[in-house]
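Student: Could you take a close look at the salt bridges of this model, and then place them against the buried interior? I would like one connected account.

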Amino acid sequence: MTEPKSDFLRVLQERGYIHQCSDFEQLDKLLYSETVPAYIGFDCTATSLHVGSLIQIMILHWLQKTGHKPIVLMGGGTTRVGDPTGKDESRKILTAEDIEENKAGIRKVFDQFLTFGDGPTDAVMVDNADWLMSLKYIDFLRDVGRHFSVNQMMQRDSVRLRLEREQHLSFLEFNYMILQSYDFVELNRRFGARLQMGGSDQWGNIVSGVDLGRRILEEELFAVTSPLLTTSSGAKMGKTASGAIWLNPDMLSPYNYWQFWRNTEDADVGRFLRLFTLLPLDEIAKLEALQGSDINEAKKVLASEVTRLLHGDAAAQEAEETARKTFEEGALSDNLPTVEIAAGDLSTGMGLLAALVSAGLASSNGEARRHIKGGAIRINDQSVSDERTMVDNGSLTEEGVVKLSFGKKKHVLLKPV
C-alpha cells in the first residue's frame, strides 16, 4: 500500500487496522477530499457486545476523530435471519422483544466512543429492520436477487465452509448475504454511505454489497476489513475459560475488564496498545520496548487506558487501585467483584466446587476440581488442596464475606444476603 493522504487511512495503516481494502488509492482520494459517511453492522444477538467487537468500535471512533461520519448499523432485521459466517449451526431465532432489549444494551457502549447528533460528522445509529421488514418478497427477488450469482454465493467462505463440513445451512441463512448487501444500497440512499467496514471474515458479504451498489446505484462503493484478532498464543480474542469479555458493566465489572487487559501476553502489548488505546505512537513504542518485569508497567497502562475509554476515568482509577491493594498489599477491597449468595447456604455449608462455580471462577465442577488439584485456589488467601472443603459461616471474614481466589489475579467476594 502507498502512503495514504487521508488521516483516516493513515491512522488505520499505522495502527494495524487494515487487512483488506477494495480500492485503496481511490478510497484514499475520496477520504482526503470529502466528509465520508461509513458504517459497520452489528447484529443484536446479546444485550452487550464483547471485546471481539472492540476493534470495529475503535475504527468507528477513529473515523469520527479524523473528520468523517460514523453510521452504526444495528441488525434488527438481519438478526432475525442469522449470519452463517463462522458458525457450525443455525443461530437461535430471537423474538422482536429480545432484539429491542439487546439493541438498547448495545447502544450504551457506543455512547462511550462516539458523539451522536445531527451534524455532518456526528454519528447515527440506524436499524436495518426499518427497510428489511417492509420488503415485498417478489419485488425484492426481481430487483435485487437477480444481481446475485448462486455460483458465486456458494464459493463465499460463509457458505462453502458450512457445506464442506456437511453441516445444515438453511435457506434462511443463505439469504443473509443478499440482505447484508442490500443494507449498503439503502445506507447509500439514505445517508450517502460510501464505505462499509468489518472483520476479515465479512469480506465476501461486504464486497457483495460493493458490487450490488455498482449494479443498482451505479455508484462506486468501498470495502475495508480488519484482521480477525487472536493472541500471540493463538487464542481467539475476547474468549476466556470463564466466558466472553463483555463490554457492558452490568455483565462484566470494570475491575474484571481491567484485569483482562492486565493479563495480556507480553508479545501482544504493543499491538494492543496501538489497536485499543488512543496513546500516541511514539509513547506506545517506548512502552513496547520495555523488557523483563518492566513490561508489566506497560500492561497496567494498557489496562487503564482501555478501561478508561469504555468505563471512564473514575472506574479505571478505581480498578487500578483495587488491583494494587489486592496484589501489593494483600488487602480486602470493597471494589472486588461480589457475588451474593443465600445466607442459608453458608449456614448449612456450601461445597467448595459449587462455591467456585457460583463465583464464576470455574464453569463447572470438573473445572473447579482441576483448579484445586493444580493448587490455584485459595479461601481468604489460604491455599486449599481438598476439593471436599466446605464454605460456611466459619469462612466469613471480619467484613462478613468469603474471599475466593483463582491464581494471583482473580478474586471474588461471596456475600451472604
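Tutor: The side chains of Arg-214 and Asp-211 meet in a salt bridge, with 2.3 Å from N to O, in what is a predicted model rather than an experimental one. Both residues belong to helix α11, which covers residues 203-216, and they sit three residues apart, about one turn of the helix. Arg-214 has a relative accessible area of 47%, so it counts as partly exposed, and Asp-211, with a relative accessible area of 22%, is also partly exposed because buried would require a value under 20%.

A second pair is arranged in another way. The side chains of Glu-288 and Arg-274 form a salt bridge at 3.0 Å, N to O. Glu-288 lies in helix α14 (residues 281-288) whereas Arg-274 lies in helix α13, so this pair ties together parts that are 14 residues apart in sequence. Glu-288 is partly exposed, its relative accessible area being 34%.

The third pair is Lys-300 with Glu-297, whose side chains meet in a salt bridge at 3.4 Å, N to O. These residues lie in helix α15 (residues 295-311), and because they are three residues apart there, about one helical turn separates them. Lys-300 has 21% relative accessibility and therefore counts as partly exposed, while Glu-297 counts as partly exposed at 44%. Salt bridges that share partners also join Asp-7, Arg-10 and Glu-14 into one network, and the structure holds 18 salt bridges.

An acidic residue with another setting is Asp-268, found in the loop between α12 (254-262) and α13 (269-276). Asp-268 has a relative accessible area of 2% and is therefore buried; leaving aside residues up to four places away in sequence, it touches Thr-231 and Ser-232.

Now for the interior itself. In soluble globular proteins, nonpolar side chains tend to be buried together. Here the largest nonpolar core has 70 residues, and those with the most contacts inside it are Phe-8, Leu-54, Phe-110, Met-197, Tyr-257, Trp-261 and Phe-276. The largest share of this core, eight residues, comes from α3. A second, separate core of 25 residues includes Tyr-39, Ile-71, Val-207 and Leu-221. To return to Phe-110, its contacts, not counting residues up to four places away in sequence, are Phe-42, Leu-49, Ile-57, Leu-60, Val-72, Met-74, Phe-116 and Met-125.

Helix α3 deserves a closer reading. With 12 residues, numbered 54-65, it should span 16 Å at 1.5 Å a residue, and its end C-alpha atoms are indeed 16 Å apart, so the expected and modelled lengths agree. The helix is mostly covered, since 11 of its 12 residues are buried; among them are Leu-54, Ile-57, Leu-60 and Trp-62, together with the polar residues Gln-56, His-61 and Gln-64. After α3 comes Gly-67, whose phi is positive, near 95°.

Nonpolar side chains also appear on the surface, where Tyr-137, Ile-138 and Leu-141 make a patch of about 330 Å². Tyr-137 lies in helix α6, which covers residues 137-143.

Key. Residues are numbered from 1 along each chain as its sequence is written. This is a predicted model: local features need pLDDT of at least 70, side-chain atom pairs count only at pLDDT 80 or more; totals for chains, interfaces and linings use all residues. Side-chain values use heavy atoms; hydrogens and water are left out. Helices (H or I, at least four residues) and strands (E, at least two) are DSSP runs, numbered from the N terminus. The expected span of a helix is 1.5 Å times one less than its number of residues. Buried means under 20% relative accessible area, exposed over 50%, partly exposed in between (1.4 Å probe, protein chains only). Patches are made of residues with over 30% relative accessible area and no salt bridge: like charges are joined within 9 Å, nonpolar side chains (Val, Leu, Ile, Met, Phe, Trp, Tyr) within 5 Å. Accessible areas come from the Shrake-Rupley method with a 1.4 Å probe; for residues, only the protein chains shown count as cover. A salt bridge is a side-chain nitrogen of Lys or Arg within 4 Å of a carboxyl oxygen of Asp or Glu. A nonpolar core is a set of buried Ala, Val, Leu, Ile, Met, Phe, Trp, Tyr and Cys residues joined through side-chain atoms within 4.5 Å. Contact means heavy atoms within 4.5 Å.
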